[in-house]
Amino acid sequence: MTESFADSVISSNTWITLGFRIVPEILNAVKVRLAADRRSSGNSKLAVGHYLDAALRNAPTEVGDQVASAQAFLTQRMGVVDSGRQSTYRVGPQAQALATSLNAALQEADHARKGIFVVSAALESLLLSLDVEGELPSPNMFAREG
């Protein structure tokens, strides 16, 4: 997550705004984590897009793995999910590449309209790993001394 934030600042010219649909329960969980991370790190510039970018950097890139991810996400919820509304977020080049090809690739594999679940599953996975890591430290924790 911190890599995504740093990239968004250092290479901001490579980041663009794209539309995404995220399952509301997952988006709410991201917003809760975002608020906690802003408090623990003192970084008020953190945004949902940084979490989305970090999640998509680690999302499956093979269509079969994407389908499996979406199916597992839906199975865990017995298929009962709200599709939410589309919102726009700034993401970096790697996330852009995945996002712009995702729906077409899934449609070609006869799994149209599953992109929301691939993205939501990737975000859920990121949140679980962040929970294991604990609080987000202050950026000055990474500064060089001396």
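**Reading the fold and Phe117**

Student: In what order do helices and strands follow along the chain?

Tutor: Read along the sequence, the pattern is α-β-α-α-α-β-α-α. That comes to six helices and two strands. Helices (H or I, at least four residues) and strands (E, at least two) are DSSP runs, numbered from the N terminus. The model is predicted: local features need pLDDT of at least 70, side-chain atom pairs count only at pLDDT 80 or more, and totals for chains, interfaces and linings use all residues. Residues are numbered from 1 along each chain as its sequence is written, and side-chain values use heavy atoms, with hydrogens and water left out.

Student: What does the radius of gyration say about the chain?

Tutor: The radius is taken over C-alpha atoms, and the globule rule is 2.2 Å times the number of residues to the power 0.38. For 146 residues, a compact globule would have a value near 15 Å; the chain has 16 Å, which agrees. Its C-alpha atoms fill a box of roughly 55 × 30 × 25 Å along the principal axes.

Student: Is Phe117 buried or exposed?

Tutor: Buried means under 20% relative accessible area, exposed over 50%, partly exposed in between (1.4 Å probe, protein chains only). Phe117 has 11%, so this residue is buried. Across the chain, 39% of the 146 residues count as buried.

Student: Where is Phe117 found, and which residues are in contact with Phe117?

Tutor: Phe117 is found in helix H6, residues 115–133. Contact means heavy atoms within 4.5 Å. Leaving aside neighbours within four places in sequence, Phe117 is in contact with Val23, Ala70, Phe73, Leu74 and Val81.
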